Amino acid sequence: MGLEQLIENCKKQNTKAQGELYKLFSSKLFAICLKYSRNRMEAEDNLQDAFLIIFNKIEQFKNKGSFEGWLKRITVNTVLQRYRNEKVFELIKENTIEDVTVDIEEDTISIDYLLEIIQELPDRYRLIFNLYVLDGYSHKEIAKMLDINLGTSKSNLARARQILRQTIADFKIAQQSQSL
């Protein structure tokens, strides 16, 4: 059965088709949930919530654009919805923001370690870092998605980068100490 037929069957609330759709996309969508969630258990809950919304709103997909893109957008919005009402974002005046970059030497930091320390960032920093750096959203788009002001998005990104830079520096110092 092709994807278009699978989507049509899901629109008819066919549970077998829904199961097939879940099997087809759950691993990709779970990776998104992991990226934005605090931990694995919360990511599993977010994935379940995302699929409930997907199955309830699949009628709205009109075969225009990428179906996978539509699924990803719903998944990201589902996860972010958890944070919108929690007031996890700091309100900071825009003129107090400094641009901070993270310099990573590929030969000293593994991608797994980098992903691990990103996952350990506080919610407000992790969400904005992921949206801006990993997914390429603009600060304007992030502010709209999270219902925050532009300065808050910029300042939280700067703080996330500061934390990551310090964590990486500490890691390098620890590596050097162990090699002595």
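Arg38, Glu42, Asp123 and Arg126 are joined in a network of salt bridges, a salt bridge being a side-chain nitrogen of Lys or Arg within 4 Å of a carboxyl oxygen of Asp or Glu. The structure is a predicted model, in which local features need pLDDT of at least 70 and side-chain atom pairs count only at pLDDT 80 or more, while totals for chains, interfaces and linings use all residues. Residues are numbered from 1 along each chain as its sequence is written, and side-chain values use heavy atoms, with hydrogens and water left out.

The network belongs to a structure that holds 10 salt bridges, and the chain that carries them has eight helices and zero strands, where helices (H or I, at least four residues) and strands (E, at least two) are DSSP runs numbered from the N terminus. Read from the N terminus on, the elements therefore follow the order α-α-α-α-α-α-α-α.

Three further salt bridges can be followed out from helix 2, which spans residues 15-36. The side chains of Lys23 and Glu20 meet at 3.8 Å, N to O, and because these two residues are three apart in helix 2, about one helical turn separates them. Lys23 is exposed, with a relative accessible area of 61%, whereas Glu20 counts as partly exposed at 35%; in these terms, buried means under 20% relative accessible area, exposed over 50%, and partly exposed in between, with a 1.4 Å probe and protein chains only.

A second salt bridge pairs the side chains of Glu68 and Lys28 at 3.3 Å, N to O. Glu68 lies in helix 4 and Lys28 in helix 2, so this pair ties together parts that are 40 residues apart in sequence. Glu68 is partly exposed, with a relative accessible area of 23%, and Lys28 is also partly exposed, with a value of 42%.

In the third, Lys35 forms a salt bridge with Asp135, and the closest N and O atoms are 2.6 Å apart. This pair links distant parts of the chain, since Lys35 is in helix 2 and Asp135 is in the loop between helix 6 (123-134) and helix 7, 100 residues apart. Both partners count as partly exposed, Lys35 with a relative accessible area of 22% and Asp135 with one of 31%.

Links between distant parts of the sequence also appear in the contacts of the chain as a whole. Taking a contact to mean heavy atoms within 4.5 Å, residues 24 or more positions apart account for 71% of the contacts in the chain with a separation of 6 or more. One pair of positions can be picked out in helix 1, where Glu4 is found: the C-alpha atoms of Glu4 and Phe67, 63 residues apart along the chain, are separated by 9.4 Å. Glu4 itself counts as exposed, at 62% relative accessibility.

Of the 180 residues of the chain, 39% count as buried. The accessible surface of the chain comes to about 10800 Å², and 49% of this belongs to carbon and sulfur atoms; such areas come from the Shrake-Rupley method with a 1.4 Å probe, and for residues only the protein chains shown count as cover.

The largest pocket is lined by Ile53, Lys57, Gln60, Trp70, Arg73, Ile74, Asn77, Thr78 and Gln81. The elements that give two or more residues to this lining are helix 3 (40-57) and helix 4 (67-84), and helix 4 provides the largest share, six residues. A pocket is defined on a 1 Å grid over the protein atoms alone, as an open set of points with protein on both sides within 12 Å along at least five of seven lines, and lining residues have an atom within 4 Å of a point. About 180 Å³ of space lies in the largest pocket. The lining divides into three nonpolar, four polar and two charged residues.

Two loop residues remain to be considered for their backbone angles. Most residues other than glycine have a negative phi. Gln13, however, has a positive phi of about 65 degrees although it is not a glycine, and Gln13 lies in the loop between helix 1 (3-11) and helix 2, where Gln13 is partly exposed with a relative accessible area of 48%. Asp147 likewise has a positive phi, near 55 degrees; Asp147 lies in the loop between helix 7 (139-146) and helix 8 (150-179) and counts as exposed, at 69% relative accessibility.

Methods
1 Å grid on protein atoms, 1.4 Å probe; cavity = no way out; pocket = protein on both sides within 12 Å on 5 of 7 lines; lining within 4 Å. Points joined across faces, edges and corners; volume = space filled by probe spheres on them. Nonpolar A, V, L, I, M, F, W, Y, C, P; charged D, E, K, R; others polar.
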